[in-house]
Amino acid sequence: MIERIGIGWHVGVPSGWGTYGVNLCLQLARRGIEPAILLADVRVNLTESQAAVLGPALAEHPKWNALVREDQPRVDFPFLHALGNDLATSGLTAKVKGRPDIALVFFENANISKDTLAQAERFALIVTGSTWNADVLRRHGFNRVANCLQGVDLDLFTPGPRTGRFRGRFAIFSGGKLEYRKGQDLVVAAFKKFYERHRDALLVTAWHNPWPQVAKGLAVSPHVTGVPGVDKAGRLDVARWLRENGLPPTAFFDI
């Protein structure tokens, strides 16, 4: 039985990878497998129950973190590497050698160079975050692929008592930081058509982005007009952008 698995990216930072790392570590620990956390945000925000589960692993973090300063770091357990577009590895932990090395990948385009594909041969397995990622890798000739979709933490996301906040409205929620790759332009276009037929509909958005400049990529979309600006506080002005795209203030609620 595997007793320990190394985690090769920042766990707990306010990003998708950081959140993914926290939940992966939780699930490993609950199954009796110790996550060896090399990189962690000291401000990692955990619930009381999560802290109880991950406390031992976070206490061991300084020991494992010392590996990143070694010239040829090696561990005698499986080590997970984070990959992005073109199968790019994380700089701080790319040199760590596990037994074996396994990669987790979330990429956004199908362009994979021959050089990086050859470098990916070091991995015994690449775990993908979507069936599309898995299909692209196989089309490029890499067949040691396992697809593993992310789940839902039912301790956090579970039905609760109705608040009556949107009473009488058909509320449609859309979350995720505002940027072209997340498809909010499609949500806006689709909701406009839906709202024309169903005036009780309400678009509830949680689209704020700590990197507002990323939202400028929406300029290439044929489905929306313009890109959102920023307000006096430096936050994306989602409400104004939705109004400029033809939605009346009564049609949406921006969180």
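Buried, on this tour, means a relative accessible area under 20%, while partly exposed covers the range from there up to 50%. Keep that in mind as you click along, and remember that the model is predicted.

**Stop 1: a salt-bridge network**

Select glutamate 179 and arginine 181. Their side chains form a salt bridge, with N and O 3.3 Å apart. Glutamate 179 has a relative accessible area of 6%, so it counts as buried. Arginine 181, with 45%, is partly exposed. Now add Glu108 and Lys177 to the selection: together with Glu179 and Arg181 they make up one network, held together by salt bridges that share partners. The structure holds 9 salt bridges, and two others are worth a visit.

**Stop 2: a bridge between distant parts of the chain**

Next, pick arginine 122 and aspartate 101. A salt bridge joins these side chains, at 3.3 Å from N to O. The two residues are 21 apart and belong to distant parts of the chain: aspartate 101 sits in strand S4, and arginine 122 in the loop between helix H4 (114-119) and strand S5 (125-128). Colour by accessibility here if you can. Aspartate 101 is buried because its relative accessible area is 7%, whereas arginine 122 is partly exposed at 30%.

**Stop 3: a bridge within a helix**

Move on to helix H5 (residues 131-139), where aspartate 135 and arginine 138 are 3 residues apart, so about one helical turn separates them. They form a salt bridge whose closest N and O atoms are 4.0 Å apart. Aspartate 135 has a relative accessible area of 38% and is therefore partly exposed; arginine 138 is also partly exposed, at 38%.

**Stop 4: the largest nonpolar core**

Show Ile7, Trp9 and Leu80 as sticks. Of the 20 residues in the largest nonpolar core, these touch the most other members. At least two residues of this core come from each of strand S1 (4-11), helix H1 (16-30), S2, H2, strand S3 (79-83) and strand S4 (101-105). Which element gives the most to this core? That is H1, with 5 residues.

Centre the view on leucine 80. Setting aside residues up to four places away in sequence, leucine 80 touches Ile5, Gly6, Ile7, Gly8, Trp9, Leu24, Ile102 and Leu104. Another core lies apart from the largest one; this second core has 17 residues, including Val188, Phe191, Tyr195 and Ala215.

**Stop 5: the cavity**

How many cavities of 30 Å³ or more does the structure hold? There is 1, and the space inside the largest cavity is about 40 Å³. To see its lining, select Val11, Val22, Ile37, Ala40, Asp41, Val44, Leu46, Leu54 and Leu58. Strand S2 (34-40) and helix H2 (48-59) are the elements that give two or more residues to this lining. By class, the lining of the largest cavity has 8 nonpolar residues, 1 charged residue and no polar ones.

**Stop 6: threonine 205**

Finish in strand S8 (residues 201-206), where you will find threonine 205. Is threonine 205 buried or exposed? With 0% relative accessibility, threonine 205 counts as buried. Display its surroundings: beyond neighbours within four places in sequence, threonine 205 is in contact with Ser174, Val238, Leu242, Phe253, Asp254 and Ile255.

Definitions and conventions. Residues numbered from 1 in each chain as written. Predicted model: local features only at pLDDT ≥ 70, side-chain atom pairs only at ≥ 80, totals over all residues. Heavy atoms only, no water. Helix = DSSP H or I, 4+ residues; strand = E, 2+ residues; numbered from the N terminus. Buried < 20%, exposed > 50% of the residue type's maximum accessible area, 1.4 Å probe, protein only. Contact = heavy atoms within 4.5 Å. 1 Å grid on protein atoms, 1.4 Å probe; cavity = no way out; pocket = protein on both sides within 12 Å on 5 of 7 lines; lining within 4 Å. Points joined across faces, edges and corners; volume = space filled by probe spheres on them. Nonpolar A, V, L, I, M, F, W, Y, C, P; charged D, E, K, R; others polar. Core = buried A, V, L, I, M, F, W, Y, C linked by side-chain atoms within 4.5 Å.
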